[in-house]
Amino acid sequence: MSAVVDEIESIFAPQSPLSFSHGYEYRTQQRAMATYVADAIEENHHLLIEAPTGVGKSLAYLLPAALVAVRDERKGVISTHTKNLQDQLFSKDIPIVENLLEVPLRTAVMKGRRNYLCSTRLRHVLSHAGTLLESKDDEHLQRIAGWAKSTKSGDIEKLGFVPSARLWQQICSEQEICTPRKCGMDCFYQRVRDQVRNAHIVIMNHALFFTLLPEENGDDGVLFQNDFVIFDEAQTVEAAAVNCFEERLSFNTVLGTLHRAFNSRTKKGLLSRLRQPQRNTFLSAEKAAEDFFGNLRLAVSSGGERDAQKEFRVTSPGIVPNNLEQPLDEIQLLLEKKEKIADETEATELNAIRNSLSRIQNTVEVFLSQKEPSHCYWVEMKDEHSSLCYAPVEVADLLRERLFRKNTTVVMTSATLSVNGSLDYFRQRIGADDAETRILDSPFPLDKQMRLCVPMGMPGPDEAGYSAALPSWILHSVERSKGGALVLFTNTRLMKEVAEKVRDEIESHGLRLLVQDGRISRNVLLEVFRKDVHSVLFGLESFWSGIDVPGESLRHVIIIRLPFPVPSHPMSQARMELLTGRGENSFTSYALPEAILKFRQGAGRLIRKNSDSGVITILDSRVMSRSYGRSFVSSLARCPVDIMRPDGSLEEWIEPSP
């Protein structure tokens, strides 16, 4: 056993200094997790560990990470999915670690560079505001200039107001423009980078981590050499990696890139003094982009029944002509000429635009040719706009090569990683073939804290009458707990329809109905729900995980339907086809385990503390009528089960003898 493991075991011992910390409770699971993490970091191997709510994951990985980082001058990268957890780590947990170890711990929180103001770009825009900006941006520009003199972070989140996207785009840090040589320590982003280079612990989110991973040898690189990385909220790692490797292009993106050089409507931009023939070159490029995305929309969305769709898979090359290539070539030639006679700052900006246009051309070419056979291609609709998209169907090979290398340490942890008591599915999806796996027990007596309720006599989601019957079943469920209910939906339209049908009845019982319909921000909805114990919250995807509402405010989780991947989504189709082509059953190999993992995340919102109690209601009759239904029930802790009838009456389920 190593010295670090020994020290960790003593720190988490029942009578250690930690045990006398305010609010601390000794948990054998936390101590075990901390030793597993310490051993993985010390011995340079990978670890996947499921640690249920209440284990105390944060301290269990932060303490060994800090010990090794300080002792060996290594860097520990902590990656999370949510900002709430990042804030908790930095403001609450890191100070506890510093106090216990009695050593100064250099910690940095890192965000994507576009979150930070670039002093060099700000000075350039201030001196050329008349040609670069519209007059309505002047006030915000001056406020930002004043803020830049007092802020220590340059982080847009600390700005106090939201500037227009077009303004911030011209003054934020950008990779090809904001560099150590050009900006030095006068730039906010470069200061953050300097803190990161010298930190023991760096905190960031998954999206940023995977953006930086391919650039490990570049200016923004984070890993790997002697560093190690710990992913909390690891259930979202695969999705974050896919999003990182995904390419997405919209008309607005093309237009915005062109407008940085010249906006034919406002006559603003870096090249605002262009003569008319050159201005016409930009007009032609804008028209070509409008035609290209218009043709793309028509090519995929014709047909009455497809009007409600948002994503359309493209399986054949050349769906529309590439009428963007030549106009963008002409723009790049023009930009190259202007670069040669511009000053250094302006030439750098023009070069960055030219490179962006080149990347746009490459994205269009790959999409139309479908030259990456391992990718899925689709068109996404939003309002009147369309975007072309493509992404790898699987990321396991990419992560196996770039992340799970030999003689390095990657730790991944979450409360929900296992399917049927095994981490094999998760390990296979992320390419962690050689990782050690551990599943810890819950520290809570869940069999005494919660009950499960399932329907009897309710139409299935794929049967006639389901939508009509759903409101009454929800009302019966809400009445049972007198509010304090989180109702989880998988479909926006259905959620809004049900909300309108049940609102009056719910409010007549003195309960407040909160609906995630876009009118109120998610954070505000969550805060109101926390404070009002007599409220009911209808939520979508972002409420299935990553929220923490302990106590009486959340005493009932109602799951409307089993959360299988949407079969019509292009990525789901591509993944299932790939598995079928390998001779596997795509339902049992992909759709079912994905649904179980998400189901466990949703159900996991209920019990957050040792004193919590409540009910999980599943309003999907397939949990009783289909053979796979038992997999969902068995994925939860064994607890009493109630049967709910159509009239809302309950009877306890007596499991038949084997």
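**View 1. The side chain of Q190 reaches the backbone oxygen of C178 at 3.2 Å.** This is a polar contact, meaning a pair of N or O atoms within 3.5 Å; within protein, one must be able to donate a hydrogen and the other to accept it, and residues adjacent in sequence count only if both atoms are side-chain atoms. A word on the model before we go on: it is predicted, so local features need pLDDT of at least 70 and side-chain atom pairs count only at pLDDT 80 or more, while totals for chains, interfaces and linings use all residues. Residues are numbered from 1 along each chain as its sequence is written, and side-chain values use heavy atoms, with hydrogens and water left out. Q190 belongs to helix α10 (residues 188-197); helices (H or I, at least four residues) and strands (E, at least two) are DSSP runs, numbered from the N terminus. Q190 counts as buried because its relative accessibility is 0%, where buried means under 20% relative accessible area, exposed over 50% and partly exposed in between (1.4 Å probe, protein chains only). Setting aside neighbours within four places in sequence, Q190 is in contact with C178, T179, P180, C183, G184 and M185, contact being heavy atoms within 4.5 Å.

**View 2. Here Q86 of helix α4 (residues 83-101) meets V109 of strand β3.** Q86 counts as buried, at 7% relative accessibility, whereas V109, at 27%, counts as partly exposed. Not counting residues up to four places away in sequence, Q86 touches T80, V109, I203, M204 and N205. With the same kind of neighbours left out, V109 touches Q86, F90, Y116, V192 and I203. Look for V192 in this view: V109 and V192 are 83 residues apart in sequence, yet 8.2 Å apart in space, C-alpha to C-alpha.

**View 3. Helix α2 (residues 28-43) and helix α3 (residues 57-72) cross at roughly 35°.** Their axes come within 8 Å; axes are lines fitted to C-alpha atoms, for helices over the stretch in contact, and angles run from 0 to 180 degrees between N-to-C directions. The crossing is right-handed, that is, the near helix is turned clockwise from the far one by less than a right angle (anticlockwise would be left-handed). On the α2 side, Q30, M33, A34, V37, A38, I41 and E42 make the contact, and α3 brings K57, L59, A60, Y61, P64, A65, V68, R71 and D72. These residues divide into eleven nonpolar, one polar and four charged, with Ala, Val, Leu, Ile, Met, Phe, Trp, Tyr, Cys and Pro counted as nonpolar, Asp, Glu, Lys and Arg as charged, and the others, Gly among them, as polar.

**View 4. N44 has a positive phi of about 55° although it is not a glycine.** You will find N44 in the loop between α2 and β1 (47-50), where N44 counts as partly exposed at 28% relative accessibility. E102 also has a positive phi of about 55° without being a glycine. E102 sits in the loop between α4 and β3 (107-109) and counts as exposed, at 71% relative accessibility.

**View 5. The largest nonpolar core has 56 residues.** Such a core is a set of buried Ala, Val, Leu, Ile, Met, Phe, Trp, Tyr and Cys residues joined through side-chain atoms within 4.5 Å. L117, I144, F282, F292 and F367 touch the most other members. Residues up to four places away in sequence aside, F282 touches L258, A261, F262, L271, L274, I331 and L334. A second, separate core of 47 residues includes Y116, L212, A234 and A391.
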